[in-house]
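Hello,

I am passing on the structure we spoke about, followed by notes on what turned up in it. Please read the notes with the structure open beside them.

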Amino acid sequence: MTVPERLAALRGKMKEFGIDAYMVPTDDFHNSEYVGEYFKCRKYITGFTGSAGVAVIMQDQAGLWTDGRYFLQAEKQLEGSGVTLFKMGEPGVLNINDFLLETLKKGQKLGFDGRTVNAASGMTLSRQLGEIGVTIVPDYDLIGMIWEDRPELSAKPVWTLDTKYCGTAREEKIAYVREKMAGERADYFLLTSLDDIAWLLNIRGDDIECNPVVLSYLIMTPEKVCLYVQTKCISDEIKKQLADAGVELHEYMNVYEDVPKIPAEARVWCDLNAVNYRLASSLRRGVVIINRPNPTRLAKACKNETEIKNDRQAHIRDGVAVTRFIYWLKQNAGKGITECSAAVELEKFRSMTKDYIGPSFYPIIGYAEHAAIIHYSATPETDVPILPEGSILCDTGGQYPEGTTDITRTVVLGKISDKEKEYFTRALRSNLNLGNAVIKEGCAGAAIDYLAREPFWEIGEDFNHGTGHGVGFCLNVHEGPQRIKYTPDRGGEEPFREGMITSDEPGIYLENEFGIRHENLMLCVKAMKTSCGQFLKFEPLTLVPFDLDGVDPSLMSEKERKLLNEYHKKVWDALSPYFAHTTKDTEVAQADNDAEVLAWLRNAVRAV
């Protein structure tokens with residue numbers, strides 16, 4: 001069916017159930033950023049493929065709300081669909097709640113699948129709409145009723161992450177959470193976010209592409225841990241390991257039977273911003289909800305010494321692969337390669353690393369004007385040849401047992417305009433200045449975002465996305481709680497702490513012209529301690545040269561040039577032994593042209 005045909009079928013179901021408006025989020029049952037094919041209901045009903053957005057369908061109209069990363073993409077994909085784009089955060093654009101409050105009338109009903117809406121949002125909607133006489137109906141998956149060829153729920157094998165990589169045994173992590181529960185006098189802890197469960201139990205899986213997580217729920221008490229999972233996915237060996245740690249296995253969907261059985265007098269730790277509305281609203285009247293961030297969240301974000309040691313090594317090996325790829329791009333532009341074939345080639349380079357798991361997100365490789373689409377992902381329909389002119393933006397990452405990588409490099413392939421070189425240099429200045437920040441303990445991302453935006457704000461330009469996000473350890477490439485974003489209503493309030501890994505990724509995007517982004521991951525480490533307190537700074541984990549062919553050093557301050565040269569020395573010191581074959585590390589396979597790459601790298605990191 002086409003999107004208009006799907007909308008018509010959904011509207012038929014809405015009439016059948018007496019629903020006047022139906023809301024379709026991007027989320028799965030776990031509030032995940034990226035979801036498996038089974039859960040892509042919003043994509044099915046609108047045709048929009050971006051990773052963020054919410055659709056609302058009524059009998060006489062349909063809308064999609066998404067953020068600035070996806071405006072260009074959504075405009076193209078929604079054309080002719082009958083779905084109107086609402087650009088979130090833009091002047092005069094109502095948010096979803098205000099739209100529903102303004103549009104729905106007393107006696108009408110808003111429907112949604114309560115498993116795909118987080119409890120905080122569902123409760124807010126219920127209260128706001130209730131005040132004007134609108135009822136919510138969270139009981140029906142209407143998309144599932146019309147989606148005839150819906151993919152099956154993922155059921156991939158579960159695997160474990162050895163403590164030689166993650167550093168802390170699951171028993172220790174369980175004990176840590178129980179200690180936190182005792183501090184809150186919690187009788188139960190209800191955990192539904194997949195990356196938190198994976199971190200807590202040192203398990204991983206492949207139920208969401210690029211995110212090594214397992215579809216699961218977890219209920220913990222002072223006496224036991226109940227893991228709700230598709231038990232057919234767990235080997236006997238792993239079942240024994242979990243049992244030895246006191247973990248009981250239950251079938252995945254049985255959580256919806258067990259949560260309502262929690263005693264009415266219990267105190268339940270339940271993060272309403274993470275758990276879904278169906279589960280939270282099924283708790284008995286009288287249950288005391290301790291609505292606090294999951295205790296796993298901050299512990300997961302602050303990497304331990306073993307994780308940090310491994311992560312540094314993962315980034316060096318990933319840097320070898322990406323450096324080989326940049327050299328390959330420059331040598332092969334104009335020789336029949338395309339955006340799609342370039343992504344395949346990069347995957348080959350990463351696969352030369354032992355134990356490489358796979359990409360940490362779908363590669364964003366946009367040539368020329370495609371780079372201006374912030375989260376562009378090439379398809380056979382949009383794929384274009386890569387020519388020896390202009391530039392190409394490559395935002396990619398890898399999953400390794402030693403950690404998760406995320407890197408963006410904009411590569412110059414031939415002649416570029418003075419304007420593009422200026423903007424390339426401004427974006428590089430942004431990256432370098434943010435990475436050089438020294439902050440007092442307690443400082444959050446909103447306070448330092450200006451360091452990255454100032455080179456653009458001074459000329460009246462800006463980029464419509466956050467400057468930095470947390471990154472998991474062999475887990476989700478986007479991880480909270482820290483962010484670098486100046487708008488407090490959309491993140492950036494959580495203070496930095498030692499051990500946090502955060503991206504540094506300013507950019508600039510000019511529609512139908514070009515897009516530029518430079519991204520490193522950086523580790524938060526201690527700096528000096530004075531009478532004013534403890535200070536923190538950032539150590540770059542990503543080690544890949546910035547393309548000096550796009551840089552105009554005359555537009556940089558002496559300090560910025562010094563920062564660039566110091567960074568490039570680190571790149572040379574870390575990567576050159578792999579291309580010279582002088583390292584004892586055998587985890588990265590040698591390539592036939594490594595001598596050529598080494599010579600190119602020597603010039604690529606030259607002092608400016």
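**Cores**

Leaving aside residues up to four places away in sequence, L201 is in contact with R170, I174, L218, L227, L242 and V247. This is a predicted model, so please read every contact and volume here as computed from it. L201 belongs to the largest nonpolar core, which has 122 residues, and together with L329 it touches the most other members of that core. There is also a second, separate core of 26 residues; among them are L10, V83, V137 and I143. As background, nonpolar side chains in soluble globular proteins tend to be buried together.

**Cavities**

How many cavities of 30 Å³ or more are there? The count is three.

The largest cavity holds about 120 Å³ of space. It is lined by 13 residues, and those closest to its centre are V24, C41, D113, T116 and D141. Strand β1 (residues 21-24) gives the largest share of this lining, with three residues. Sorted by class, the lining of the largest cavity is made up of eight nonpolar, one polar and four charged residues.

The second largest cavity holds about 60 Å³. Which residues line the second largest cavity? They are V322, F325, I326, L346, C394, T396, I407, T408, R409 and V411. At least two residues of this lining come from each of α14 (305-332), β17 (391-396) and β20 (407-412). The largest share is that of β20, which supplies four. By class, the second lining has seven nonpolar residues, two polar and one charged.

**Helix α3**

The last item is helix α3, which spans residues 71-78. Which of its residues are buried? They are F71, L72, Q73, A74 and L78. The elements covering these buried residues include α2 (41-46), β3 (62-66) and β4 (84-87). An α-helix has 3.6 residues a turn, so residues three or four places apart point the same way. You may want to keep that in mind when looking at the buried positions F71, A74 and L78. After α3 comes G80, which has a positive phi, near 80 degrees.

To go through these points on screen, start with L201 and the residues it touches, including I174 and L242. Then turn to the largest cavity, around V24 and C41, and after that to the second largest cavity, with F325 and I407 in its lining. Finish at α3 and its buried residues.

Regards

Notes:
Residues are numbered from 1 along each chain as its sequence is written. This is a predicted model: local features need pLDDT of at least 70, side-chain atom pairs count only at pLDDT 80 or more; totals for chains, interfaces and linings use all residues. Side-chain values use heavy atoms; hydrogens and water are left out. On a 1 Å grid over the protein atoms alone, a cavity is a set of points where a 1.4 Å probe fits but cannot get out, and a pocket is an open set with protein on both sides within 12 Å along at least five of seven lines; lining residues have an atom within 4 Å of a point. Grid points are joined across faces, edges and corners, and a volume is the space filled by probe spheres set on the points. Ala, Val, Leu, Ile, Met, Phe, Trp, Tyr, Cys and Pro count as nonpolar, Asp, Glu, Lys and Arg as charged, and the others, Gly among them, as polar. Buried means under 20% relative accessible area, exposed over 50%, partly exposed in between (1.4 Å probe, protein chains only). Contact means heavy atoms within 4.5 Å. A nonpolar core is a set of buried Ala, Val, Leu, Ile, Met, Phe, Trp, Tyr and Cys residues joined through side-chain atoms within 4.5 Å.
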